[in-house]
Amino acid sequence: MDVLKLSSSPFHFTAILNKPQFPNQCLQIPLFSSSSSSSINKHSRRFKLCAITSSAISTEESANPFEVEAESERREERFDWYAQWYPIMPICDLDKRVPHGKTVMGIDVVVWWDKNESAWKVFDDLCPHRLAPLSEGRIDQWGRLQCVYHGWCFNGSGDCKFIPQAPPDGPPVHTSKRACVAVYPSIVQNEMLWFWPNSDPQYKDILVKKKPPYIPELDDPSFTKLISNRDLPYGYEVLTENLMDPAHVPYAHYGIMGRQQPKNREKADREGGKPIDIVVRDLDVNGFITNQELGTSQFFAPCVFYTSFSLPSKKRDSNRQDNGALLSSENNTVAPNTSQRKAMLIFMCIPVGPGKSRLIFVSLRNFAVWIDRIIPRWVFHVGQNLILDSDLYLLHVEERKILDVGPSNWQKACFVPTKSDAKVVAFRRWLNKYSDGQVDWRGKFSGILPPSPPKEQLMDRYWSHVVSCSSCRVAYKGLNALEVVLQVISIASLGIFAATKQSLVSGAARVLMVAMAILCFAASRWLSHYIYKNFHFHDYNHALR
């Protein structure tokens with residue numbers, strides 16, 4: 001065994017390669033030294049990960065082409081998971097009439113609308129009295145958050161304003177600090193509610209020092225956007241790396257996400273997979289940037305990952321070049337460029353708890369905007385849920401396999417010899433370098449995930465999406481009502497047919513009533529199946545696609 005040493009100050013890497021006489025291919029992933037700056041765009045130092053082609057490695061050898069051992073890698077910078085902004089939910093899916101219970105980073109919070117301050121508030125989801133969940137409470141007629149266990153009421157600052165059990169002429173026990181609820185800093189930006197997962201008073205004005213990543217296209221009226229959210233039964237790490245993997249799309253989502261192939265290109269298989277050249281650059285504690293033929297992507301740690309596509313316009317300007325939208329190093333904003341047809345896919349990956357995550361997905365484009373004005377939002381969500389379901393079980397099982405070998409041993413256990421895995425490798429490297437290969441749960445995770453539930457429960461759409469989506473919730477109620485109406489019409493038609501004397505109604509009318517009854521009954525049965533398949537459970541069998 002030979003050892004190839006690659007030196008890049010201030011880091012020193014040793015790549016262990018078996019049988020160096022075999023041909024190899026190199027994947028360039030730049031890196032650079034750590035810095036105290038909050039900028040993502042840094043001066044990078046490039047290094048090469050030499051990948052031995054799989055055809056040149058014998059079955060006895062399990063050398064990982066990306067196995068790079070850091071001999072003296074400095075760990076001056078650590079990623080603080082509790083000093084970041086996290087998106088909770090899109091504003092369009094929050095009902096101002098009721099409190100909402102959500103979990104982020106293992107922290108249970110309640111989100112509610114304070115009409116007195118005209119602002120969304122994020123509190124600890126527990127009443128200081130007997131620790132009952134405030135998310136099961138209500139908003140009273142004075143706009144206060146009320147705990148329904150004993151009626152304690154709180155204002156937007158977390159102060160207790162009323163304790164029904166306290167005598168009016170007694171001591172003002174509601175003014176005690178112990179009667180207050182912890183309040184988290186929060187902000188609405190890009191039509192998303194964000195919160196800071198630390199209620200310590202020192203972070204009350206954290207917005208002055210640090211803001212969530214801002215993407216101007218989300219507020220640009222020339223763009224149409226579709227927003228969706230879903231809770232998923234696998235962790236943040238697996239969710240994020242899956243969204244960074246373009247190579248799985250034609251296989252895991254075959255028949256769902258169609259990719260137009262050039263007519264003159266020969267396909268190696270039915271699905272049309274092909275080599276993907278991806279270059280990763282500017283990797284640091286705040287994330288990294290990648291370039292590929294489909295566009296430019298950026299990971300802004302820990303939650304935001306997006307890809308920007310520039311499509312040919314009808315009148316192409318040869319003097320203009322669009323390299324995609326990138327976050328500014330000074331104010332964390334995306335430089336908009338709407339001179340061309342442009343599309344963006346924005347993924348917000350939220351760590352909920354060990355083995356659980358939440359995805360907020362936004363699709364943006366500045367062309368064909370009329371489509372979204374005609375087709376209801378819930379129709380798009382049906383397709384998006386099918387896409388998520390098509391690899392949901394794969395990722396749920398994969399996460400448990402990774403946990404068995406240890407998250408920090410990911411690169412040793414996984415064989416990733418092609419450039420199409422560059423973003424995934426870069427994300428795992430970022431995770432290993434700055435966070436020991438996993439989310440910091442601060443002792444809340446024992447290292448053992450609960451047993452896998454049945455598929456019907458694992459892939460349930462109702463509790464993971466429908467109840468949290470304003471448009472799908474309305475559509476679900478409407479379609480169920482329509483099903484009942486069709487059944488009533490069917491039964492009524494048969495009743496009229498049976499009660500009407502033959503001499504009073506023509507034969508054609510009687511046949512029409514029977515036909516209507518049969519058609520309405522058949523339509524109600526079809527609608528019942530449609531509702532169950534699209535709002536509850538839709539199994540996905542890859543072998544039969």
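**Exercise 1.** In this predicted model, does tryptophan 463 count as buried or exposed?

*Solution.* Begin with the cut-off, under which a residue is exposed when its relative accessible area is over 50%. Tryptophan 463 has a relative accessibility of 63%, and therefore it counts as exposed.

**Exercise 2.** Describe the ring pairs that tyrosine 462 forms with tryptophan 463 and with tyrosine 476.

*Solution.* A pair of aromatic rings is described by the distance of the centres and the angle of the planes. For tyrosine 462 and tryptophan 463, the centres are 5.0 Å apart and the planes stand at 90 degrees, which makes the pair edge-to-face. For tyrosine 462 and tyrosine 476, the centres lie 5.1 Å apart and the angle between the planes is 50 degrees, so this pair is tilted. As a next step, place the two tyrosines: tyrosine 462 belongs to the loop between α9 (455-458) and α10 (470-499), while tyrosine 476 belongs to helix α10, so their pair ties together parts that are 14 residues apart in sequence. Finally, tyrosine 462 and tyrosine 476 are both buried.

**Exercise 3.** Which residues touch the most other members of the largest nonpolar core, and which helix supplies its largest share?

*Solution.* The largest nonpolar core has 78 residues, and within it Trp81, Phe299, Ile346 and Trp430 touch the most other members. Helix α8 (residues 422-435) gives this core its largest share, namely 8 residues. A separate second core holds 15 residues, among them Phe123, Leu134, Leu145 and Cys147. Turning to ring pairs, one finds that they join Phe79, Trp81, Tyr236, Phe288, Phe299, Phe427 and Trp430 into a cluster.

Methods
Residues numbered from 1 in each chain as written. Predicted model: local features only at pLDDT ≥ 70, side-chain atom pairs only at ≥ 80, totals over all residues. Heavy atoms only, no water. Core = buried A, V, L, I, M, F, W, Y, C linked by side-chain atoms within 4.5 Å. Buried < 20%, exposed > 50% of the residue type's maximum accessible area, 1.4 Å probe, protein only. Helix = DSSP H or I, 4+ residues; strand = E, 2+ residues; numbered from the N terminus. Phe/Tyr/Trp six-rings, centres within 6.5 Å; stacked < 30°, edge-to-face > 60°.
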